[in-house]
Amino acid sequence: MSTELTTTFDYASLPAKTATSLQKRAAAILSHEYKGLGLLIAQGKELKAAQDELSDHHDGMFCKWVDSTCPFAKSSAYKLMAVYRRLGGSCPPGGQPIPILPKAAYLLSEESTPEGAVKEAVSLAKKGVQVTHPIVKKLIENLTVPESDEDEDECEDDPEEAEEEASEPQKDQLGNPLPDHAVEVFAAEGLLDEAICAIDTLRRAVNAAADSAAGKFIKRRIIVSELREMKKDIKAAQPYCICPKCSGERCTFCWETGVVPQRVYKQTMED
Ligand SMILES: [Zn+2]
């Protein structure tokens with residue numbers, strides 16, 4: 001069947017040298033010399049070379065050649081070339097085969113896959129680990145920022161909120177009047193906001209570094225998730241109401257401030 005397909009491409013319209021070369025490439029693509037990843041890379045390499053050889057000819061010539069000579073669709077041809085581009089260096093055709101399964105190889109070759117994931121997958125495979133699609137997904141996840149991070153910035157000043165706070169500093173969040181020392185506690189809350197802003201700034205710096213060519217090995221996901229925990233800790237400490245144990249008179253429970261955060265207030269009420 002493959003021989004029959006080969007004849008439908010009009011090699012006569014090409015210079016003799018190009019025609020002969022392309023026929024050899026078609027034969028190499030159909031050969032069973034390689035298996036697994038080695039086969040994908042060998043096919044991708046031939047396809048890329050054929051595309052280069054046909055680059056001087058009018059549009060669509062390469063696609064026509066793929067349609068009439070290759071046992072797969074054009075979309076697969078582009079995927080195979082991507083596999084060759086991404087993995088051909090680590091696993092040259094004819095070299096020592098490495099155990100990366102085809103579905104995993106295609107995912108590794110996608111444009112959006114970070115180079116770090118490719119390096120880690122190759123390194124695992126070279127240690128003898130069979131690299132599967134789920135393993136590659138995990139590697140990519142570890143190197144990609146969760147989408148929710150994009151809008152978690154809280155550094156922008158909200159003038160309305162600031163005004164509201166300034167006009168009503170004498171009561172806690174439950175509406176209880178504050179003793180003077182407790183007013184001071186609420187007034188110092190801005191320092192917590194500053195710390196949160198500093199973490200946001202740090203997170204942006206880490207992301208920028210990880211996006212740069214020098215930062216591919218930064219463990220972005222881990223760092224970003226720890227920064228998020230730090231922010232949570234600080235937010236959970238924000239002054240909420242007067243201490244329910246001492247009614248704001250200051251005791252050991254409220255660290256002698258007369259004020260507790262919401263989480264502590266709720267716990268106390270549940271006990
Ligand atoms: Zn207290």
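This short report looks at a predicted model of one chain, from its confidence scores to the packing of two of its helices.

## Confidence along the chain

Let's start with how far the prediction trusts itself. The mean pLDDT of the chain is 85, and 88% of the residues score at least 70.

The elements of the chain range from helix α1 (residues 2-6), which has the lowest mean pLDDT at 45, to strand β2 (residues 259-261), which has the highest at 96. Over residues 1-6 the pLDDT stays under 50, and the model gives this stretch six contacts beyond four places in sequence.

## Overall make-up

You will find 13 helices and two strands in the chain. Of its 271 residues, 25% count as buried.

Among contacts with a separation of 6 or more, 61% join residues that are 24 or more positions apart.

## Helices α2 and α3

Now for a closer look at one helix pair. Helix α2 spans residues 16-30 and helix α3 spans residues 36-53; their axes lie 9 Å apart, and the two pack at an angle of about 160°. Angles over 145 degrees count as roughly antiparallel, and α2 and α3 are therefore roughly antiparallel to each other. The crossing of α2 past α3 is left-handed.

Which residues of α2 and α3 meet? On the α2 side they are Thr18, Ser21, Leu22, Arg25, Ala28 and Ile29, and on the α3 side Ala42, Gln43, Glu46, Ala49, Ala50 and Glu53. By type, the residues of this contact between α2 and α3 divide into six nonpolar, three polar and three charged.

Note on methods. Residues are numbered from 1 along each chain as its sequence is written. This is a predicted model: local features need pLDDT of at least 70, side-chain atom pairs count only at pLDDT 80 or more; totals for chains, interfaces and linings use all residues. pLDDT is the predictor's confidence in each residue, from 0 to 100. Helices (H or I, at least four residues) and strands (E, at least two) are DSSP runs, numbered from the N terminus. Two residues are in contact if their C-beta atoms, placed from the backbone, lie within 7 Å. A residue is buried if 20 or more other C-beta atoms lie within 10 Å of its own, exposed if 12 or fewer, and partly exposed in between; C-beta atoms are placed from the backbone. Axes are lines fitted to C-alpha atoms, for helices over the stretch in contact, and angles run from 0 to 180 degrees between N-to-C directions. Angles under 35 degrees count as roughly parallel, over 145 as roughly antiparallel, 65 to 115 as roughly perpendicular and the rest as oblique. A crossing is left-handed if the near helix is turned anticlockwise from the far one by less than a right angle, and right-handed if clockwise. Ala, Val, Leu, Ile, Met, Phe, Trp, Tyr, Cys and Pro count as nonpolar, Asp, Glu, Lys and Arg as charged, and the others, Gly among them, as polar.
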